[in-house]
Structure formats: C-alpha cells, structure tokens
Amino acid sequence: ASQTLTPVDNTPPVLSGVPMNTEVSCEAIPDPAIVTASDTCSGALEVSFSEEIINPAECLNGVIIRRTWSATDDCGNSVDTYADFVIEDTTAPTVTDAMDMTVECDGEGNLGDLEAWLASNGGATASDDCGEVYWSNDFEALSDDCGATGSVMVTFTATDDCGNSASTSATFTIEDTTAPTIDVEAMDQTVECGYEAMYLYEDWLDYNGGAMASDDCGNAYW
C-alpha cells in the first residue's frame, strides 16, 4: 500500500507591531511603526507599507492619515491591515515677540516707517505645525501728541487654518527731539532817537528782529 501526502498552505501570514487607531496632534504624528510578518511555512516575510490621506481639507482637524501594511507568503496567501491617525489641531501657532519702534518725526506722519513696521508684524514671526499662518493687526490711528508726533500700541495676531491664534503687542512711537531751524537770522536795526523810536522797537521785537524759523514736526513759536 502507498499513500501520498500533499501539504497545503491556506493560512495567511501574521503581522506584528501594527499600531492602534488613535487621535494625534500635528506635531505628534508618529513615524510609521516597525511592523513585521511571519508565516509558518515561509518564515520571516517582507512587509510593504503605504499611506493615504482621507477627507483632506485646508484645516487638518478631522483629517485621517491611513497607514496600511501588507505581506504575502510563498504560497500567495496575503494579509493586510491598517491603522488610522485622526489629526486634531487645537494648538495655536508659535509666535515670537513684536518689537517697539521709535522714529524721529518727519512732519508727515512717518507713513513709510509705520507701513513697513505694520507689514513686518513689528518684527514678529510665527510658525504652525499643521499649515500656513495668517497675520492681522488692530491698528487704527496714532495718538494726537504735540506737532506731528504720536504713538500707538498694536496687537499682531497669527491665525492658523483651523482658527487657532496667538498674539503679540508692541508700540510704534513718533518723537520730536530736533530743535527748530533758524532760516533767517535776526538783523540789527538802528533808528533815530525820538517819539517813534519806542514804537519801532516794539515792532522789531514783534517781528523777532526779522528772523524766521521752521520745524519739521510742526510750527515754530517765538
């Protein structure tokens, strides 16, 4: 009598080390797990890996990163499994401090300096682990100080795609530390002694001896 035994392998490989589904913040998305595969008939097997984004959106809240691992043994039996990482973005952007700026008055509101300072967000910078950052500020107007001077405290706000925000504040100041300019020097005046001399003297004083002055930041007063 004789008997023929034909081994049949219908059992798929076994994957080990597959992570569980979990919620993660953008900065805490884990590296792909080290997943291994074993098979009774084939021994250790090579594991393939793929990744896809499910329901993509500008705001990453609720976006799913699906990671899939697969292995196939020598007899064509295969196994695959996946893990979902659901992104939760509740973290505000990271913002550096804005810096105060003081400029000398030019008499015209120092618009170039002010606009450049606002455009640079007072020198503040921002970054976000989940996407882009958008800046805004609450500037309205400078205070009305002497001449054309003034100051304003501005709050700069960085907001990410999911509406999380962080702010920093700084002050822009226009100051006047420059004396008026004497454009025309006072002139000596000599008059003949008499009744009208006193009136001529008073007129000479009223007109500052003929002197004239100007100031870059406002009016000059004698």
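**Exercise 1. In which segment is proline 13 found?** Locate the residue, state its burial, and then list its contacts.

The structure is a predicted model, in which local features need pLDDT of at least 70 and side-chain atom pairs count only at pLDDT 80 or more, while totals for chains, interfaces and linings use all residues. Residues are numbered from 1 along each chain as its sequence is written, and side-chain values use heavy atoms, with hydrogens and water left out.

Step 1. Proline 13 is found in the segment before strand E1 (14-16); helices (H or I, at least four residues) and strands (E, at least two) are DSSP runs, numbered from the N terminus.

Step 2. Proline 13 counts as buried because its relative accessibility is 4%, where buried means under 20% relative accessible area, exposed over 50%, and partly exposed in between (1.4 Å probe, protein chains only).

Step 3. Leaving aside residues up to four places away in sequence, proline 13 touches Ser38, Asp39, Leu45, Ala71, Thr72, Asp73, Asn77, Ser78 and Val79, a contact being heavy atoms within 4.5 Å.

Step 4. From C-alpha to C-alpha, proline 13 and alanine 126 are 48 Å apart in space and 113 residues apart in sequence.

**Exercise 2. How many salt bridges does the structure hold?** Give the partners, and place each of them in its strand.

Step 1. The structure holds 2 salt bridges, each defined as a side-chain nitrogen of Lys or Arg within 4 Å of a carboxyl oxygen of Asp or Glu.

Step 2. In one of them, the side chains of arginine 67 and glutamate 51 meet at 2.5 Å, N to O. Arginine 67 lies in strand E6 (residues 64-72) and glutamate 51 in strand E5 (residues 48-54), so the pair ties together parts that are 16 residues apart in sequence. Arginine 67 is buried, with a relative accessible area of 5%, whereas glutamate 51 is partly exposed, with 44%.

Step 3. Another salt bridge joins the side chains of aspartate 84 and arginine 66 at 2.7 Å, N to O. This pair links distant parts of the chain, with aspartate 84 in strand E7 (residues 78-87) and arginine 66 in strand E6, 18 residues apart. Aspartate 84 counts as buried at 11% relative accessibility, while arginine 66 counts as partly exposed at 22%.

**Exercise 3. Which residues does proline 30 touch, not counting residues up to four places away in sequence?** Begin with the loop that holds the proline.

Step 1. Proline 30 is found in the loop between strand E2 (22-24) and strand E3 (36-39), and its relative accessibility of 29% is why it counts as partly exposed.

Step 2. Beyond residues up to four places away in sequence, proline 30 touches Val24, Arg67 and Phe85; Arg67 is also a partner of glutamate 51 in a salt bridge.

Step 3. Proline 30 and tryptophan 204 are 174 residues apart in sequence, and their C-alpha atoms are 86 Å apart in space.

**Exercise 4. Which residues form a nonpolar patch on the surface?** Treat the patch of negative charge in the same solution.

Step 1. The nonpolar patch is formed by Tyr195, Met198, Tyr199, Tyr201 and Leu205, with about 610 Å² of accessible area together. Patches are made of residues with over 30% relative accessible area and no salt bridge, like charges being joined within 9 Å and nonpolar side chains (Val, Leu, Ile, Met, Phe, Trp, Tyr) within 5 Å. Accessible areas come from the Shrake-Rupley method with a 1.4 Å probe, and for residues only the protein chains shown count as cover.

Step 2. Tyrosine 201 is found in helix H2 (residues 197-206) and is partly exposed, with a relative accessible area of 45%.

Step 3. Glu104, Asp106, Glu108, Asp113, Glu175, Asp176 and Asp216 gather in a patch of negative charge on the surface. Lys and Arg count as positive and Asp and Glu as negative, without His and the chain ends, and the place of a charge is taken as NZ of Lys, CZ of Arg, CG of Asp or CD of Glu.

Step 4. Glutamate 175 is in strand E13 (residues 165-175), and at 34% relative accessibility it counts as partly exposed.

**Exercise 5. Is asparagine 110 buried or exposed?** Examine its backbone angle as well, together with that of asparagine 55.

Step 1. Asparagine 110 is found in the loop between strand E9 (101-104) and helix H1 (111-119), and at 2% relative accessibility it counts as buried.

Step 2. Phi of asparagine 110 is near 45°, a positive value in a residue other than glycine. Most residues other than glycine have a negative phi.

Step 3. Asparagine 55, in the loop between E5 and E6, has a positive phi of about 45° although it is not a glycine, and asparagine 55 is partly exposed, with a relative accessible area of 40%.
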